[in-house]
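Hi everyone, thanks for coming. Please have the sequence and the 3D view open, and we'll walk through them together.

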Amino acid sequence: MKRTNKELLVKGIKSFGYTVLAMFMGPFLIYEAFKNEGHPFYWPVLILGFICAILAIYLGFRSVSIVMQAVFGKKSKN
């Protein structure tokens, strides 16, 4: 019987923490950029917000993949 890989599970949970951080930072930065369109840092903040939003999506899939791998083991190729 297979057991859960606890080290990999902890890695996945940490990755979920980073995902949640990026999920809140992305929309917050985008909102702040649109609120201050006349500011000289408008474009850098907006770009950083979009990068955080894309990073949140990537980290979400990666986190789920790591947790699934920890619980069910690696996929075996036939």
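Let's begin at Gly-73, the residue that follows helix H2. Its phi angle is positive, near 90°. Before I go on, please keep in mind that what you see is a predicted model.

Now step back along the chain into the helix itself. H2 covers residues 42–72, which makes 31 residues. How far apart are the end C-alpha atoms of H2? They are 45 Å apart, and at 1.5 Å a residue the helix should span 45 Å, so the two values agree.

We can do the same check on the other helix. H1 runs over residues 6–35. With its 30 residues at 1.5 Å each, H1 should span 44 Å, and its end C-alpha atoms are indeed 44 Å apart, so this agrees too. At the N-terminal end of H1 there is a cap: Asn-5 places a side-chain oxygen 3.3 Å from the backbone nitrogen of Glu-7.

How many helices and strands does the chain have? The count is two helices and zero strands. So let's look at what the helices do with each other.

Start with the buried residues of H1. They are Leu-8, Gly-12, Ser-15, Thr-19, Ala-22, Gly-26, Leu-29, Ile-30 and Ala-33. What covers them includes H2. On the other side, the buried residues of H2 pack against H1. Among them are Tyr-42, Leu-46, Gly-49, Cys-52, Ala-56, Leu-59, Gly-60 and Ser-63. If you colour both sets in your viewer, you can follow them along the two helices.

Let's zoom in on one spot, around Ser-63. This residue belongs to the buried set of H2, and two residues of H1 reach it through their side chains.

One of these is Thr-19, which sits in H1. Is Thr-19 buried or exposed? Its relative accessibility is 3%, and buried means under 20%, so Thr-19 counts as buried. Its side chain makes a polar contact of 3.2 Å with the side chain of Ser-63. Leaving aside residues up to four places away in sequence, Thr-19 touches Ala-56, Leu-59, Gly-60 and Ser-63.

The other is Ser-15, also placed in H1. With a relative accessible area of 4%, Ser-15 is buried. Here the polar contact between the side chains of Ser-15 and Ser-63 is 2.7 Å. Again not counting residues up to four places away, Ser-15 touches Leu-59, Arg-62 and Ser-63. So put your cursor on Ser-63, and you'll find polar contacts to Thr-19 and to Ser-15.

What about Gly-17, which also lies in H1? Gly-17 has a relative accessible area of 39%, so it is partly exposed. Along the chain, Gly-17 and Lys-75 are 58 residues apart, and their C-alpha atoms are separated by 25 Å.

Next, the aromatic rings. How many aromatic pairs does the structure hold? There are two. In one of them, Phe-34 and Tyr-42 form a tilted pair, 6.2 Å from centre to centre with 55° between the planes. The other joins Tyr-42 and Trp-43: the ring centres are 5.0 Å apart and the planes stand at 70°, so this pair is edge-to-face, a label that needs an angle over 60 degrees. Together the ring pairs link Phe-34, Tyr-42 and Trp-43 into a cluster.

The accessibility of these residues is worth a look as well. Tyr-42 counts as buried, at 12% relative accessibility. Phe-34 has 42% and counts as partly exposed, while Trp-43 has 56% and counts as exposed.

Finally, let's zoom out to the whole chain. The C-alpha atoms fill a box of roughly 60 × 25 × 10 Å along the principal axes. A compact globule of 78 residues would have a radius of gyration near 12 Å, but this chain has 17 Å. Buried residues make up 26% of the 78. The accessible surface comes to about 6,500 Å², and 70% of that belongs to carbon and sulfur atoms.

One last number, about contacts. Taking those between residues at least 6 apart in sequence, 70% join residues at least 24 apart. To tie this back to the picture, remember the buried residues of H2 packing against H1. Thanks for listening!

Key: Residues are numbered from 1 along each chain as its sequence is written. This is a predicted model: local features need pLDDT of at least 70, side-chain atom pairs count only at pLDDT 80 or more; totals for chains, interfaces and linings use all residues. Side-chain values use heavy atoms; hydrogens and water are left out. Helices (H or I, at least four residues) and strands (E, at least two) are DSSP runs, numbered from the N terminus. Buried means under 20% relative accessible area, exposed over 50%, partly exposed in between (1.4 Å probe, protein chains only). A polar contact is a pair of N or O atoms within 3.5 Å; within protein, one must be able to donate a hydrogen and the other to accept it, and residues adjacent in sequence count only if both atoms are side-chain atoms. Contact means heavy atoms within 4.5 Å. Rings of Phe, Tyr and Trp (its six-membered ring) pair if their centres lie within 6.5 Å; planes under 30 degrees apart count as stacked, over 60 as edge-to-face and the rest as tilted. The radius of gyration is taken over C-alpha atoms; the globule rule is 2.2 Å times the number of residues to the power 0.38. Accessible areas come from the Shrake-Rupley method with a 1.4 Å probe; for residues, only the protein chains shown count as cover. The expected span of a helix is 1.5 Å times one less than its number of residues.
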